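Me: Please take a close look at a single part of this structure, the second largest pocket, and then follow the helix that gives the most to its lining. Plain wording is fine.

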Amino acid sequence: MESDEAESAKRRMHDERRPYQVGYGKPPKATQFGVRPQPQRRTRPKSVYSRQSSKLTKFLDQPVEVKLNGRIAKLHPHEATLHGLFVRIINGQLRPIKQFLRECQRAELLEAEVLQESSVIHVPKNVPMDLAGYILLREGPPPRDEGTLRPYFAEYERDLALLKLLKEEALLKARAGGENVY
């Protein structure tokens with residue numbers, strides 16, 4: 001350690017004896033770290049920016065007239081956009097479906113709600129989890145007999161068959177339209 005300190009002291013003494021050369025990247029020692037007056041920059045005051053953004057916000061929040069079910073109604077522009085998106089979803093277009101899901105995800109509508117109370121419900125192996133949740137909401141906590149579950153199973157199977165058919169139709173329509181889908 002002592003040798004390191006001695007070497008650095010020798011270097012400092014050697015550097016002090018050497019003349020300082022002024023050049024590119026080497027300003028004169030007298031003004032090297034001095035405070036200089038900064039040039040006056042012409043900028044807009046902050047209030048101008050806030051006024052512009054408030055004007056834009058007011059413009060985007062104005063109701064828009066749209067035609068819904070044959071009647072003219074005034075809606076927020078975002079709501080009107082979602083209505084148009086929903087119409088395209090009903091027609092089976094895939095891009096609007098993806099866009100709608102992204103909007104729902106951004107609004108955190110797809111996030112599961114956090115339960116305040118924690119409990120565990122055992123679901124039988126032959127009952128799908130989503131169906132068990134639906135039955136729990138409709139019928140309350142278990143136990144249940146087979147007669148109660150039978151209509152729910154029938155409805156669930158019908159819904160699965162309908163969803164499969166709708167998916168096949170949407171894929172056929174998309175492929176006929178030239179979209180590259182799986």
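Reply: The second largest pocket holds about 230 Å³ of space in this model, which is predicted. Its lining is made up of Ile89, Ile90, Asn91, Gly92, Leu94, Ile97, Leu166, Lys167, Glu169, Ala170, Leu171 and Lys173. Sorted by class, the lining has 7 nonpolar, 2 polar and 3 charged residues. At least two residues of the lining come from each of helix H3 (77-90), H4 and H6. The biggest contribution is that of H6, with 6 residues.

That makes helix H6 the part to follow. Helix H6 runs over residues 146-176, which is 31 residues. At 1.5 Å a residue, H6 should span 45 Å, and its end C-alpha atoms are 45 Å apart, so the expected span and the model agree. After H6 comes glycine 178, with a positive phi near 90°.

Which residues of H6 are buried? They are Leu149, Tyr152, Phe153, Tyr156, Ala170, Leu171 and Ala174. An α-helix has 3.6 residues a turn, so residues three or four places apart point the same way. The buried residues of H6 pack against helix H4 (94-106) and helix H5 (129-139). Two of the buried residues, Ala170 and Leu171, are also among the lining residues of the second largest pocket.

Tyr152 deserves a separate word. The structure holds 1 aromatic pair. The pair consists of tyrosine 134 and tyrosine 152, set edge-to-face, with 5.9 Å from centre to centre and 75° between the planes. Tyrosine 134 belongs to helix H5 and tyrosine 152 to helix H6, so the pair ties together parts that are 18 residues apart in sequence. Is each of the two partners buried, exposed or partly exposed? Tyrosine 152 has a relative accessibility of 13% and therefore counts as buried, since the cut-off for buried is under 20%. Tyrosine 134, at a relative accessible area of 31%, is partly exposed.

Helix H5 leads on to the largest pocket. About 560 Å³ of space lies there. The largest pocket is lined by 18 residues, and those nearest its centre are Ile121, Val123, Ala132, Gly133 and Leu136. H5 supplies the largest share of this lining, 6 residues. By class, the lining of the largest pocket has 14 nonpolar, 3 polar and 1 charged residues. For the second largest pocket, the matching counts are 7 nonpolar, 2 polar and 3 charged.

Two loop residues complete the picture. Most residues other than glycine have a negative phi, and most peptide bonds are trans. Glutamate 108 sits in the loop between H4 and H5, and its phi is positive, near 60°, although glutamate 108 is a residue other than glycine. With a relative accessible area of 59%, glutamate 108 is exposed. Asparagine 69 is not a glycine either, and has a positive phi of about 50°. Its place is the loop between strand S1 (64-68) and strand S2 (71-75). Asparagine 69 is exposed, with a relative accessible area of 80%.

Technical notes. Residues are numbered from 1 along each chain as its sequence is written. This is a predicted model: local features need pLDDT of at least 70, side-chain atom pairs count only at pLDDT 80 or more; totals for chains, interfaces and linings use all residues. Side-chain values use heavy atoms; hydrogens and water are left out. Helices (H or I, at least four residues) and strands (E, at least two) are DSSP runs, numbered from the N terminus. The expected span of a helix is 1.5 Å times one less than its number of residues. Buried means under 20% relative accessible area, exposed over 50%, partly exposed in between (1.4 Å probe, protein chains only). Contact means heavy atoms within 4.5 Å. Rings of Phe, Tyr and Trp (its six-membered ring) pair if their centres lie within 6.5 Å; planes under 30 degrees apart count as stacked, over 60 as edge-to-face and the rest as tilted. On a 1 Å grid over the protein atoms alone, a cavity is a set of points where a 1.4 Å probe fits but cannot get out, and a pocket is an open set with protein on both sides within 12 Å along at least five of seven lines; lining residues have an atom within 4 Å of a point. Grid points are joined across faces, edges and corners, and a volume is the space filled by probe spheres set on the points. Ala, Val, Leu, Ile, Met, Phe, Trp, Tyr, Cys and Pro count as nonpolar, Asp, Glu, Lys and Arg as charged, and the others, Gly among them, as polar.
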